[in-house]
Each structure stands twice: as structure tokens, then as C-alpha cells.
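Dear colleague,

I am passing on the structure we spoke of, with the sequence alongside. Please have it open while you read the notes underneath.

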Amino acid sequence: MGTLRLYWLDPYTYRFKARVESISGRDVVLDGTYFYPQGGGQIYDTGTISGIRVVGVRREGDLIIHTLESEPTFTVGSEVECLLDWDRRYRIMKLHSAAHLLYYAMQEEFGEECRPASPGLTDDKKSREDYLFKEKLDLQRLQKVEERVNELIRAGFEIRTWSEGEKRYWKIDPYPAMCCGGTHPKNTSEIGGVKVGRGKKPGAGKERIEITLLQHST
Ligand SMILES: [Zn+2]
């Protein structure tokens with residue numbers, strides 16, 4: 001039996017109880033978890049399991065493995081109290097959905113060839129993604145992209161996520177669905193507002209676009 005991916009059932013749960021399935025050194029597997037494992041362009045969650053810091057979360061096959069800062073004091077079969085760093089995770093959720101809005105706004109402004117060159121990475125500070133660019137990036141047009149993203153945020157679109165077989169989808173009304181296994185808020189308005197900027201140039205024919213949240217509190 002794999003680990004139940006509870007973060008998909010409710011991305012807003014940050015405190016939960018779980019049963020310990022296995023322990024190997026500092027690595028712990030639970031029967032189900034709300035800790036998001038690194039992947040799909042989203043950084044892993046941090047927090048505590050039975051008061052011990054979680055310093056890494058990864059997926060191996062159908063198991064989710066939490067790496068603790070020190071060897072656990074609990075045993076296999078016991079029930080543990082788990083707590084996510086919610087402020088951090090909520091910022092990640094907002095920035096991840098903002099990265100999806102950016103994708104549509106970039107396509108509208110720069111055309112379909114302007115696609116992400118790699119999955120990018122969203123953490124609690126910023127979202128960064130490399131887009132293919134044949135020409136020089138016009139910063140005034142990037143400003144228009146920022147305005148469009150903020151317009152979509154203010155419009156308050158419901159964000160829907162669902163599973164179909166092995167795949168997970170993300171959608172807001174104006175656009176077609178996209179594949180995404182990340183965690184997201186329920187409505188674009190929760191993002192609040194963002195700044196879109198140009199990052200360090202990643203190489204020829206590409207531009208790094210970065211998103212930060214306007215307010216860092218929740
Ligand atoms: Zn995504």
C-alpha cells in the first residue's frame with residue numbers, strides 16, 4: 001500500500017495525526033500525509049512530526065518519505081502528531097497558482113512559441129520559470145503580463161483541481177485545464193497580488209520570469 005496523498009484531498013489541512021508505517025534511519029513513512037513531496041515544480045513542505053523537524057519530503061514510487069532532522073523517538077505502528085509550516089505552504093500554494101496564471105498571460109502577450117523551457121521551481125519566496133524567447137524580452141510587455149496576472153487574481157476565479165487516472169489537473173474558467181500535481185488555493189483572489197519580473201538570464205533563447213507575492217503575510 002502506498003502513502004495516501006492527503007494534500008490533494010484538502011490542501012488547507014496543516015495539522016493531522018497519522019500512523020507510522022516504516023522508519024529507516026531519519027526517514028519516516030506514514031499511512032497518509034499532508035506533506036507535499038518535492039516534484040512538479042513545487043518545493044517540499046517543512047514542519048514537524050512528533051515535534052521533530054521535517055527537513056525533506058520526497059516521493060519514491062507510491063511512497064512519500066519524510067526526512068527528519070534527527071532520528072525519531074517514536075516507533076513503527078505508533079500514532080504521531082504532524083504539523084506543517086502553514087505560512088510557508090500557503091505562500092507556496094499562492095505562488096504556484098500564480099505561475100499557472102503567468103503561463104496563460106505569457107501566451108496571450110508573446111504568442112504560443114513562448115513556452116516554458118523547463119518545469120521551473122516554486123518555493124515560498126518566489127516562482128521562477130524559464131520561457132523560450134526568440135527575441136529580446138520587452139520589459140514593457142512583461143509589465144502588461146504582470147497587469148494581466150493581477151487582473152486574473154482580482155477576478156476571483158474558482159480554482160478546480162482533480163484526478164483522472166494517474167493524472168492531476170488544474171483549471172480556472174477562462175482557460176483550458178493544465179496538468180499539475182501541486183497544491184493550490186481554492187480561488188485566484190487568495191493570491192492577493194503579485195510582482196512579475198525578469199530573473200538572471202538562463203541562456204540563449206530563454207528568459208527567466210520570476211513571480212513574488214505583494215504581501216507576505218497570510
Ligand atoms: Zn503546476
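What follows is an account of the cores, a sheet with its helices, and one strand residue.

Please keep in mind throughout that this is a predicted model.

The largest nonpolar core holds 30 residues, and among these Leu102, Met106 and Val194 touch the most other members. At least two residues of this core are supplied by each of α2 (86-110), α3 (139-154), β14 (194-198) and β15 (206-213), with α2 giving the largest share, 9 residues. Setting aside residues up to four places away in sequence, Met106 touches Gly111, Cys114, Tyr131, Phe133, Leu142, Val145 and Ile209. There is also a second, separate core of 20 residues, which includes Leu6, Tyr7, Ala18 and Val20.

Turning to the sheet, its 4 strands form an open arrangement in the order β9-β10-β15-β14, with antiparallel pairing, and β9 (121-122) and β14 are the edge strands, each pairing on one side only. Strand β10 (residues 127-132) is joined to β15 by 6 bridges in the antiparallel sense, and Ser127 has Ile211 of β15 as its bridge partner. Helix α2 lies across β9, β10, β14 and β15, running at about 135° to β15, while α3 lies across β14 and β15 and runs at about 155° to β14.

Finally, Val54 belongs to strand β6 (residues 52-60) and counts as buried because its relative accessibility is 1%, where the cut-off is under 20%. Beyond its neighbours within four places in sequence, Val54 is in contact with several residues, including Phe35, Asp45, His66 and Leu68.

With best wishes

Methods: Residues are numbered from 1 along each chain as its sequence is written. This is a predicted model: local features need pLDDT of at least 70, side-chain atom pairs count only at pLDDT 80 or more; totals for chains, interfaces and linings use all residues. Side-chain values use heavy atoms; hydrogens and water are left out. Buried means under 20% relative accessible area, exposed over 50%, partly exposed in between (1.4 Å probe, protein chains only). Contact means heavy atoms within 4.5 Å. A nonpolar core is a set of buried Ala, Val, Leu, Ile, Met, Phe, Trp, Tyr and Cys residues joined through side-chain atoms within 4.5 Å. Two strands pair if DSSP finds at least two bridges between them. Axes are lines fitted to C-alpha atoms, for helices over the stretch in contact, and angles run from 0 to 180 degrees between N-to-C directions.
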